[in-house]
Amino acid sequence: MQHKTRITKLFTILEYGILFFGMLVLMYVFICTQKGKTANILGMNILHVVTGSMEPTIEEGAYVFVKKEDVKRLGEQDIIAYYTEDPEVYGKVVIHRIVGTNGDGTFITKGDANMREDNLNVREDQIIGKYQSEIWFLEWLASFTDMKKLMLILVVIPLFLVSTYEFSTVTRLFYKLKSEQYQAKIREKNLNMSEERVEQLKKKAIEEYLKQQENIEMLKAEQTEKADDANGEG
């Protein structure tokens, strides 16, 4: 029983740890993307697209996964994220499509919504990675443009999850208690039945003993009567 209790406590601590880690990850992602930086999680970069240059492929305001890729495997039609050297937005992250490759190994890029190619080519050392997919959950959270509302969501969701977990824990304990009470009633019933059986066996044994004694007395009386008859005849 103590072993099971320890395992339950361990799982509870683990669940709260995962929940807390998830909150930290969300906060880390939003802080990084609000500053125009990438959030790196387990080798995957999360970016926030702040312009509509890739529409309709990637909507403005989308959060996307970008995975580091071997440059030799990149080619036309791949969408890449890179640090631009355009003087107007120097050092910012841009996510555009490769539309050509130069002899020196640099890439020609263009936004799907733009009329012309980008002015500057992209070198290998500028590339962050290749676009994988959008992250709809983060986009939904980001739809709460008011930072206070966003933080409220980050608090409310964990609290809801904790409340749900606590409710499920209480429910499990309730059913466990009911089960234990049911088992206790069965044991008590079996015990009562056992006691009744013992009493029945005792009563039967006493009755058999008394009957046996009665038979002995009757046998003795018959023998005495026969003895008296024999003495009278003599």
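**Figure 1. Arg123 and its charged partners.** At 33% relative accessibility, Arg123 is partly exposed in this predicted model. Welcome to a small charged neighbourhood. Arg123 pairs with Asp125 in a salt bridge, and 3.0 Å separates their closest N and O atoms. Asp125 is exposed, its relative accessible area being 57%. Add Glu85, and Arg123 and Asp125 become part of a network of salt bridges that links the three residues. In general, side chains with opposite charges can pair when their charged atoms come close. The structure as a whole holds 5 salt bridges.

**Figure 2. Asp78 in its loop.** Where does Asp78 sit? Asp78 belongs to the loop between E3 and E4. Is Asp78 buried or exposed? With a relative accessible area of 15%, Asp78 falls under the 20% cut-off, so Asp78 counts as buried. The Asp78 side chain reaches the backbone nitrogen of Gly75 at 2.9 Å. Setting aside neighbours within four places in sequence, the contacts of Asp78 are Arg73, His96, Arg97, Ile98 and Lys130.

**Figure 3. A salt bridge between Asp78 and Lys130.** Here the side chains of Asp78 and Lys130 meet in a salt bridge, with an N to O distance of 3.4 Å. This pair ties together distant parts of the chain, 52 residues apart: Asp78 comes from the loop between E3 and E4, while Lys130 comes from strand E7. Lys130 has a relative accessible area of 24% and is partly exposed, whereas its partner Asp78 is buried at 15%.

**Figure 4. Glu69 and Arg73.** This view shows another salt bridge, in which the side chains of Glu69 and Arg73 meet at 3.7 Å, N to O. Glu69 is partly exposed, at 23% relative accessibility. Arg73, at 63%, is exposed. Look out for Arg73 when returning to the loop view, as Arg73 is also among the residues in contact with Asp78.

**Figure 5. The largest nonpolar core and a second one.** Which residues build the largest nonpolar core? There are 12 residues in all: Leu47, Val49, Met54, Ile58, Ala62, Val64, Val66, Ile79, Ala81, Ile95, Ile128 and Tyr131. Strands E3 (63–67), E4 (79–83) and E7 (127–134) are the elements that each give two or more residues to this core. A second core, separate from this one, has 9 residues, including Leu74, Ile98, Phe107 and Val122. Ile98 may look familiar, since Ile98 also appears among the contacts of Asp78.

**Figure 6. A nonpolar patch on the surface.** Ile206, Tyr209 and Leu210 form this surface patch, and together they have about 330 Å² of accessible area. Tyr209 lies in helix H3, which covers residues 147–233. Tyr209 is partly exposed, with a relative accessible area of 48%.

**Figure 7. Stepping back to the whole chain.** How many helices and strands does the protein have? There are 3 helices and 7 strands, and along the sequence they follow the pattern α-β-β-β-β-β-β-β-α-α. Of the 234 residues in the protein, 25% are buried. Among contacts with a separation of 6 or more, 51% join residues 24 or more positions apart. The protein exposes about 17,400 Å², and carbon and sulfur atoms supply 59% of that area.

Key:
Residues are numbered from 1 along each chain as its sequence is written. This is a predicted model: local features need pLDDT of at least 70, side-chain atom pairs count only at pLDDT 80 or more; totals for chains, interfaces and linings use all residues. Side-chain values use heavy atoms; hydrogens and water are left out. A nonpolar core is a set of buried Ala, Val, Leu, Ile, Met, Phe, Trp, Tyr and Cys residues joined through side-chain atoms within 4.5 Å. Buried means under 20% relative accessible area, exposed over 50%, partly exposed in between (1.4 Å probe, protein chains only). Helices (H or I, at least four residues) and strands (E, at least two) are DSSP runs, numbered from the N terminus. Patches are made of residues with over 30% relative accessible area and no salt bridge: like charges are joined within 9 Å, nonpolar side chains (Val, Leu, Ile, Met, Phe, Trp, Tyr) within 5 Å. Accessible areas come from the Shrake-Rupley method with a 1.4 Å probe; for residues, only the protein chains shown count as cover. A salt bridge is a side-chain nitrogen of Lys or Arg within 4 Å of a carboxyl oxygen of Asp or Glu. A polar contact is a pair of N or O atoms within 3.5 Å; within protein, one must be able to donate a hydrogen and the other to accept it, and residues adjacent in sequence count only if both atoms are side-chain atoms. Contact means heavy atoms within 4.5 Å.
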